[in-house]
Amino acid sequence: MLIKKSLRMHLENNFDWIIIGGGIHGVHIAASILDKYKDSDPKLGIIDPWPHLLHRWYSHTAATGMSYLRSPAVHNLAIDPFDLQKYGGKKARYKQVYFRQPYSRPSTNFFKKHSELVIDRFKLKDLHVQAKVEKIVLGNDHVEINCEHGQNLSSQKIVLALGSGDHLNKPDWAATVPNTEHIFSENFLWPEKGENRNLVIVGGGISAIQAALYAYTIGFKVHLVTRHELRQFQFDSDPGWLGPKYMAGFLKQKSYEVRRKMISHARHRGSAPQELIASLRKHIADKKINFHHSDVRQAIVNGNEVTVELANDTKIEADMVLLATGFKRERPGGKLVANLLSEYQLPTASCDYPILDAQLRWHPRLFVSGALAELELGPAARNISGARSAARRIVGKRA
Ligand SMILES: Cc1cc2nc3c(=O)[nH]c(=O)nc-3n(C[C@H](O)[C@H](O)[C@H](O)COP(=O)(O)OP(=O)(O)OC[C@H]3O[C@@H](n4cnc5c(N)ncnc54)[C@H](O)[C@@H]3O)c2cc1C
């Protein structure tokens, strides 16, 4: 476990707050706590196994080759929602480079630059403990956090901001197929050039489409295989879920089973915005991308050669197979969260997700965000806006 020098003094004492997970959610919540309680200078640590905060966000967005975010500029990691636009400056020429309409969506690079600015502003790098948490012990007057390699930390309060990135969804047929990667696997890196090799991309959502368009630009012969029709939605849930329009009814609903159904109904899984679908259709019409609307029946492996056979009987010789099949639907947190449940009988709904209070507490010392807070924050809980809602609930209203 790597611990920054400035953190060592904290380790002799108790932390006030420890955030487990240094992704989009962990970083924004950490900044929000430090901002809200700046007068008392809280001792805060962020535990995350990667060398840099936001590692997962950077590697996932790079893997898709996406150049603009799906969400608007006000969904960013700073405290002030308009900070990213202010950072862009007033000149229109900057705005055109940094933001794309509709909804002023920031470019991936500009969002990254601004996120690093937020990290610097709150000196979050100094608070990063590079480790993976294996066990959490909830005590009466503190929480003990056991990390791999035997290091223990203790804190008054903790926040789980674990993301869903550990649970990649891979179809069974792909398990033993050579030259096959999941787009969000840590091993996946685009080669510099496709060299006219046959690339089969499986999936029909935003990541699959972005990857197909990117793969074409670097010279792959792209086959996009999707089992469902292209689903066009600007966002992955209606913006009405970001405010009282839909959230008021959601929060009035006492049944968590009904809340779960509302979330499933509201989330446009496997969808993509109009501009990407239009660009894909143009590439298909111009015969730059081969589009197959079919399920995969099997992959036939002959030495290092792979033939992907589709349910509609098409056979594609593939030099490389890329799975853009998203994440599993299971509850995030794996064993870490399962242990908490069994040790402390924390309340869960029938879908196995936490039942939380309005401050997102699962226990007086344990707060959660992201998908784990879905039954309280609704369908946008996993997104950047979900990180902002989680922070507002955890730290309370800002002055
Ligand atoms: C390609 C892509 C594009 C997206 N684009 C948008 C967008 O435009 N707008 C939007 O609103 N949303 C978008 N999202 C959705 C969402 O905002 C991202 O998935 C975001 O990364 C979620 O942040 P997170 O902090 O919950 O999870 P992550 O970014 O996955 O971070 C969680 C961190 O927790 C760490 N962790 C997990 N378990 C432990 C443990 N036991 N101990 C210590 N650390 C642990 C992980 O290693 C990881 O570093 C996108 C998602 C993807 C995949």
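In the predicted model, strands E7 and E8 form an antiparallel pair. E7 covers residues 133–138, and E8 covers residues 143–147. Five bridges link the two strands. One of the bridge pairs joins Ile136 to Ile145 in E8. The connection between E7 and E8 is a hairpin of four residues.

The loop between strand E4 (99–100) and strand E5 (105–106) holds Pro102. Its backbone has several marked features. The peptide bond from Gln101 to Pro102 is cis, with omega near 0 degrees. Tyr103 also belongs to the loop between E4 and E5. Tyr103 is not a glycine, yet its phi is positive, at about 75 degrees. Ser104 lies in the loop between E4 and E5 as well. Ser104, again not a glycine, has a positive phi of about 45 degrees.

Are these two loop residues buried or exposed? Tyr103 counts as partly exposed because it has 17 C-beta neighbours inside 10 Å. A residue is buried at 20 or more such neighbours and exposed at 12 or fewer, so a count in between gives the partly exposed class. Ser104 has 15 C-beta neighbours inside 10 Å and therefore also counts as partly exposed.

The ligand is surrounded by 34 residues. Those that come nearest are Gly21, Gly23, Ser71, Gly163 and Asn383. Four elements each give two or more residues to this shell: helix H2 (24–36), strand E3 (44–48), helix H3 (55–64) and helix H13 (384–395). The most comes from H3, which gives six residues. By class, the shell has 17 polar residues, twelve nonpolar residues and five charged residues.

On the scale of the whole chain, two domains are assigned. Domain 1 is made of two segments, 2–166 and 329–395. Domain 2 also has two segments, 172–233 and 268–323. The C-alpha centres of domain 1 and domain 2 lie 32 Å apart. Contact between the domains involves seven residues of domain 1 and nine residues of domain 2. On the side of domain 1 that touches domain 2, four residues are polar, two are nonpolar and one is charged.

Terms used. Residues are numbered from 1 along each chain as its sequence is written. This is a predicted model: local features need pLDDT of at least 70, side-chain atom pairs count only at pLDDT 80 or more; totals for chains, interfaces and linings use all residues. Domain bounds come from an automatic or database domain assignment. Two residues are in contact if their C-beta atoms, placed from the backbone, lie within 7 Å. Ala, Val, Leu, Ile, Met, Phe, Trp, Tyr, Cys and Pro count as nonpolar, Asp, Glu, Lys and Arg as charged, and the others, Gly among them, as polar. Two strands pair if DSSP finds at least two bridges between them. A residue is near a molecule or strand if its C-beta atom, placed from the backbone, lies within 6 Å of it.
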